[in-house]
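Trainee: I am new to this structure. Please show me how to read a pocket.

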Amino acid sequence: MASIIFYGWEVFYDEDHHLQADQTPKLGRLYTMYHGTTVQTARLIIKTGFKQSADGMLGPGVYVSRNQKKAERYPLKSPPTDRVVLKLSIDCGRVKKIDKDNHPLQKSWYSQGYDTAWVPPNCGMMAVPSGLEEDCVYDPQRIEVTDIALAPNTAILNELQQLIAQNKKGSSNSNSSGTCTVCKLKLGPAHAIQSCWGCGETICSFLTKHVCNR
């Protein structure tokens with residue numbers, strides 16, 4: 001059989017790591033989730049980041065959901081004209097499943113070394129009559145706003161998306177996002193930077209495309 005000489009590659013990444021409602025997050029992965037809030041609070045979150053709530057069904061933290069439809073219900077007392085759904089990228093870290101009322105760690109999971117509490121769908125908890133999946137992330141630094149999933153109108157949508165773009169630009173200038181300097185992706189562990197075995201160009205194995213110049 002003749003040998004084949006191959007230089008370069010092209011791959012496609014599914015950047016939206018959407019968790020199914022009944023799937024447990026994997027450590028070190030970034031996942032897409034949603035958070036419903038008011039227009040003014042959305043502006044503040046994009047500019048300054050999330051703030052940990054003082055308390056809630058799962059204790060202090062930031063409450064999010066993998067289900068956009070659930071996020072669209074919040075804030076419960078706000079009219080649809082004042083509701084925004086933020087699309088988020090979240091590093092869930094170590095996850096504790098809370099699937100029953102009066103769970104022994106329902107409000108103390110974070111003190112046991114967990115980063116996120118997860119209420120699976122239709123688990124029967126009285127505090128979640130909708131039966132829709134819910135998560136609570138203890139550290140707001142694990143959450144990044146990536147887009148706007150829902151806005152009252154086009155003007156607000158454009159305004160908020162511009163704020164996100166400005167915020168990302170500022171982060172990239174400071175090089176504090178942890179992105180790879182070669183492939184520009186942020187996938188958790190540090191990437192190995194090396195020379196291509198074909199053309200000698202500096203490459204990262206996570207590059208979406210590389211064509212040897214030889």
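Trainee: Which helices and strands each supply at least two residues of the lining of the second largest pocket?

Mentor: First, the general idea. Rolling a probe the size of a water molecule over the atoms shows where empty space is left. Now this case, which is a predicted model. Two strands and two helices fit your question: E2 (30-37), E3 (62-64), H1 (39-48) and H2 (68-71).

Trainee: Which element gives the most to that lining?

Mentor: Helix H1 does, with four residues.

Trainee: How many residues line the second largest pocket, and which lie nearest its centre?

Mentor: The lining has 20 residues. Nearest the centre are His-35, Gly-36, Val-62, Tyr-63 and Val-64.

Trainee: How much space lies in the second largest pocket?

Mentor: About 350 Å³.

Trainee: How many residues of the lining fall in each class, nonpolar, polar and charged?

Mentor: Nine are nonpolar, eight are polar and three are charged.

Trainee: Now the whole chain. How many helices and strands are there in the protein chain?

Mentor: Count three helices and eleven strands. From the N terminus, read the order as β-β-α-β-α-β-β-β-β-β-α-β-β-β.

Trainee: What share of the residues counts as buried?

Mentor: Here the cut-off is under 20% relative accessible area. Of the chain's 214 residues, 38% count as buried. The chain exposes about 12500 Å², and carbon and sulfur atoms supply 51% of that area.

Trainee: What share of the contacts with a separation of 6 or more joins residues 24 or more positions apart?

Mentor: Such pairs account for 62% of those contacts in the protein chain.

Conventions. Residues numbered from 1 in each chain as written. Predicted model: local features only at pLDDT ≥ 70, side-chain atom pairs only at ≥ 80, totals over all residues. Heavy atoms only, no water. 1 Å grid on protein atoms, 1.4 Å probe; cavity = no way out; pocket = protein on both sides within 12 Å on 5 of 7 lines; lining within 4 Å. Points joined across faces, edges and corners; volume = space filled by probe spheres on them. Nonpolar A, V, L, I, M, F, W, Y, C, P; charged D, E, K, R; others polar. Buried < 20%, exposed > 50% of the residue type's maximum accessible area, 1.4 Å probe, protein only. Contact = heavy atoms within 4.5 Å. Areas by Shrake-Rupley, 256 points an atom, 1.4 Å probe, with all protein chains shown as cover.
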